[in-house]
Amino acid sequence: MAVCELGYLGLGVRDLDAWQRLATAVLGLQVGGRGSDGALYLRCDERHHRIALHPSSADEVRYLGWQVPGPAEFEAMLAELRAAGVDVRDATADELASRKAVRMVRFTDPAGYPSELFHGPLVPASQPFHPSRPMSGFRTAGLGLGHVLVFADDVATMERFYVDRLGFKVTDYALRGSVFLRCNPRHHSFGVSAAGKGPRINHLMIETLSIDDVGRALDLCEAEGFPIVASLGRHTNDHMVSFYVDTPSGFHIEYGCMGRLIDDATWTVHVNDWGDAWGHKRVQEQHQRAMRVDPAKTPFAHMIAKERVAS
Ligand code: FE
């Protein structure tokens, strides 16, 4: 039994107006209405929403919504989670109404991230998705919202939980000790890095259908005054051509295209020693800092040591 995609993301945000301007004027997301608590629903495809921004006194992760295909898979995974001793709580009526899902349960992962398992998202077919600025759209079909990279002190425990309990597969590792996990052909829907303090999101990646969508967003960031924190670049692991913009909540959105798809039949796990093929200036600097911090304490220290002897 396995999760099939990152269905939705819920955030508590302090500055909803700034978020709405970033989401619509720059990113091209469509406002899909408001929740009963004032939440701003954002769409990037046929679904009612993929991102919910809840007005809050703190910028925080409210929930990561992991989807399973249908009711049979939902019941089976719920039974497995409970059998494994995971503290799983049923959704309240308000939560279920807010998520626009048939069924949903809540639990907390080992690093403290509030997580949800659900099936049956609402697709308002009478209101087709329409991006808020001219663009070709978002790549979500069969792949989910995108990917999230989070920080955790104990990456290995997170890997075991997501693989053993939620059915993810390890795609690859970064030498500094990050793990990238997939639940569909997208290279990763979830990444866990030790190079930071959790529970905190480092970034949410959303993928467009065209590089022109990405280029125009770069121009619009400057025009609208949203700080670019990593220049246009390409990652070595998922091949995403992307840039990073700072959000009003202090974490980043990676806005990209041309991400690689993984074929389970032929893929083998490996370790990447570097995150970027080119570009991503400033993220590169962060990688260098992370590598300088404590390479000997990563799970791949023996590989680093061998490299040093060879050189
Ligand atoms: Fe990313």
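Five bridges join strand β10 (residues 169–174) to strand β11 (residues 178–182), and the two run antiparallel. Strands here are DSSP runs of type E with at least two residues, helices are runs of H or I with at least four, and both are numbered from the N terminus. Two strands pair if DSSP finds at least two bridges between them.

This is a predicted model: local features need pLDDT of at least 70, side-chain atom pairs count only at pLDDT 80 or more, and totals for chains, interfaces and linings use all residues. Residues are numbered from 1 along each chain as its sequence is written, and side-chain values use heavy atoms, with hydrogens and water left out.

**The β10 neighbourhood**

β10 and β11 form a hairpin with three residues between them. In that turn, G177 has a positive phi of about 115 degrees. β10 also pairs with strand β17 (residues 270–272), in the parallel sense, over three bridges. Five of the six residues of β10 are buried. Buried means under 20% relative accessible area, exposed means over 50%, and partly exposed lies in between (1.4 Å probe, protein chains only).

The table lists residues of β10 and their partners.

| Residue in β10 | Partner | Partner strand |
|---|---|---|
| V170 | L181 | β11 |
| D172 | H270 | β17 |
| A174 | N272 | β17 |

**The whole sheet**

Ten strands form an open sheet with mixed pairing, in the order β17-β10-β11-β12-β9-β13-β16-β15-β14-β18. Its edge strands are β17 and β18 (276–279), and each pairs on one side only. Neighbouring strands are turned by 25 degrees against each other on average, direction ignored. Helix α1 packs on this sheet, touching β13 (200–207), β15 (241–246) and β16. The direction of α1 makes about 15 degrees with that of β16. Axes are lines fitted to C-alpha atoms, for helices over the stretch in contact, and angles run from 0 to 180 degrees between N-to-C directions. Buried residues of α1 include L16, W19 and L22. Just after the helix, G28 takes a positive phi of about 90 degrees.

**The core**

In soluble globular proteins, nonpolar side chains tend to be buried together. Here the largest nonpolar core has 69 residues. Such a core is a set of buried Ala, Val, Leu, Ile, Met, Phe, Trp, Tyr and Cys residues joined through side-chain atoms within 4.5 Å. L166 and F190 have the most contacts inside this core. Helix α1 (residues 16–27) gives the most to it, with six residues. Among the residues that F190 touches are W66, H147 and L181. Contact means heavy atoms within 4.5 Å.

**Aromatic pairs**

Rings of Phe, Tyr and Trp (its six-membered ring) pair if their centres lie within 6.5 Å; planes under 30 degrees apart count as stacked, over 60 as edge-to-face and the rest as tilted. The count comes to 14 aromatic pairs. Y8 and Y63 are edge-to-face, at 5.6 Å centre to centre and 85 degrees between the planes. Y8 lies in strand β1 and Y63 in strand β5, so this pair ties together parts 55 residues apart in sequence.

**The iron site**

Which residues coordinate the iron ion? H147 (NE2), H203 (NE2) and E254 (OE) do, at 2.0 to 2.2 Å. Donors are N, O and S atoms within 2.8 Å of the metal (3.2 Å for Na, K and Ca); water is not among the atoms, so sites may look incomplete. In sequence the donor residues are spaced H-x55-H-x50-E. H147 lies in strand β9 and E254 in strand β16, 107 residues apart. Both H147 and E254 are buried.

Definitions and conventions. Lists of a residue's contacts leave out its neighbours within four places in sequence.
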